[in-house]
Amino acid sequence: MIKEIGLTGGIGSGKSTVARAMMALGYQVYFADERAKALYDEDLELMSKVKALVGHDVYDKNEKLIRPKLAERIFADQQLLSQINGLVHPAVGQDFRRWMAELPSVYDKKFILKEAAILYEAGSYKTCHGVLAVYAPISLRLARVGKRDNADQGQVRSRMAHQWPDAKKLLRSDFVIYNDGIHPLTPQIAAAIQHFERI
């Protein structure tokens with residue numbers, strides 16, 4: 001049986017960096033956050049439910065989600081945000097199961113990674129055999145995301161506020177990689193692989 005290992009961490013922690021390194025070593029990675037964004041435009045059932053909940057005008061004439069408009073509505077209304085998550089998370093779960101079913105038959109690794117910023121918050125950690133967390137100090141995360149997304153600190157902190165604090169994530173994770181610019185990543189990734197291959 002191929003084990004499912006969650007890969008999580010706060011925004012700007014470097015989950016994608018670790019994921020790419022693991023992929024270079026032959027591990028398959030399911031990018032839940034990327035797939036969630038894609039499903040808003042691909043999954044007809046999800047699209048219909050989103051329109052019914054927040055209004056048809058969050059989609060343009062080409063049936064593409066107008067992300068800033070959706071974000072403006074849901075991040076100002078906690079109940080609406082929870083309702084949207086209640087639609088998206090099951091859709092991502094179904095998509096992940098399809099992805100797992102389509103893994104190459106020659107895949108010879110003992111586990112795959114499910115990368116998700118809100119792995120704990122969404123409850124999808126419950127189906128994982130273990131969780132790998134990536135940690136970086138908030139100051140470094142703010143700088144990374146500000147540069148990456150051309151966002152100011154207020155915008156980034158607002159997004160962080162919808163995620164669990166680092167301490168809570170780290171306490172519940174099975175292995176932590178410190179992506180702080182001080183600890184080298186390569187030996188940490190090698191140690192993480194050894195850890196999850198043994199469980």
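Is the crossing of H6 and H7 left-handed or right-handed? It's right-handed, and the close-ups below, all taken from a predicted model, start with that pair.

**View 1. Helices H6 and H7 cross at roughly 115 degrees.** H6 covers residues 138–149 and H7 covers residues 153–160, and their axes come within 9 Å. The two helices are therefore roughly perpendicular to each other. On the H6 side, look for Ile138, Arg141, Leu142, Val145, Gly146, Arg148 and Asp149. They meet Gln153, Val156, Arg157, Arg159 and Met160 of H7. It's a mixed bunch: the residues of this contact split into five nonpolar, two polar and five charged.

**View 2. Helix H1 packs on helix H9.** Here we zoom in on H1 (residues 15–24) and H9 (residues 185–198), whose axes sit 11 Å apart at an angle of about 65 degrees. That angle makes H1 roughly perpendicular to H9. H1 goes past H9 in a right-handed crossing. Thr17, Val18, Ala21 and Met22 are what H1 brings to the contact, while H9 offers Leu185, Ile189 and Ile193. Sort those contact residues by type and you get six nonpolar, one polar and no charged.

**View 3. Five strands line up in an open sheet with parallel pairing.** Reading across, the order is S2-S3-S1-S4-S5. The edges belong to S2 (29–31) and S5 (175–178); each has a single partner strand, so one side of each is left without a neighbour in the sheet. On average, neighbouring strands are turned by 25 degrees against each other, direction ignored.

**View 4. Strand S2 pairs with strand S3, and helix H2 lies across them both.** S2 and S3 (residues 111–115) run parallel and are joined by three bridges. To find your way along the pairing, pick out Val29, whose bridge partner in S3 is Leu113. Then bring in H2 (residues 32–42), which runs at about 45 degrees to S2.

**View 5. Arg35 and Asp95 form a salt bridge.** As a bit of background, side chains of opposite charge can pair when their charged atoms come close. In this close-up, the closest N and O atoms of Arg35 and Asp95 are 2.8 Å apart. Arg35 lies in H2 and Asp95 in H5 (residues 78–101), so the pair ties together parts that are 60 residues apart in sequence. Across the model, the count comes to 10 salt bridges.

Key
Residues numbered from 1 in each chain as written. Predicted model: local features only at pLDDT ≥ 70, side-chain atom pairs only at ≥ 80, totals over all residues. Heavy atoms only, no water. Axes fitted to C-alpha atoms, helices over the stretch in contact; angles between N-to-C directions. Helix = DSSP H or I, 4+ residues; strand = E, 2+ residues; numbered from the N terminus. Parallel < 35°, antiparallel > 145°, perpendicular 65-115°, else oblique. Left-handed = near helix turned anticlockwise from the far one by under 90°. Contact = heavy atoms within 4.5 Å. Nonpolar A, V, L, I, M, F, W, Y, C, P; charged D, E, K, R; others polar. Pairing = 2+ DSSP bridges. Salt bridge = Lys/Arg side-chain N within 4 Å of Asp/Glu carboxyl O.
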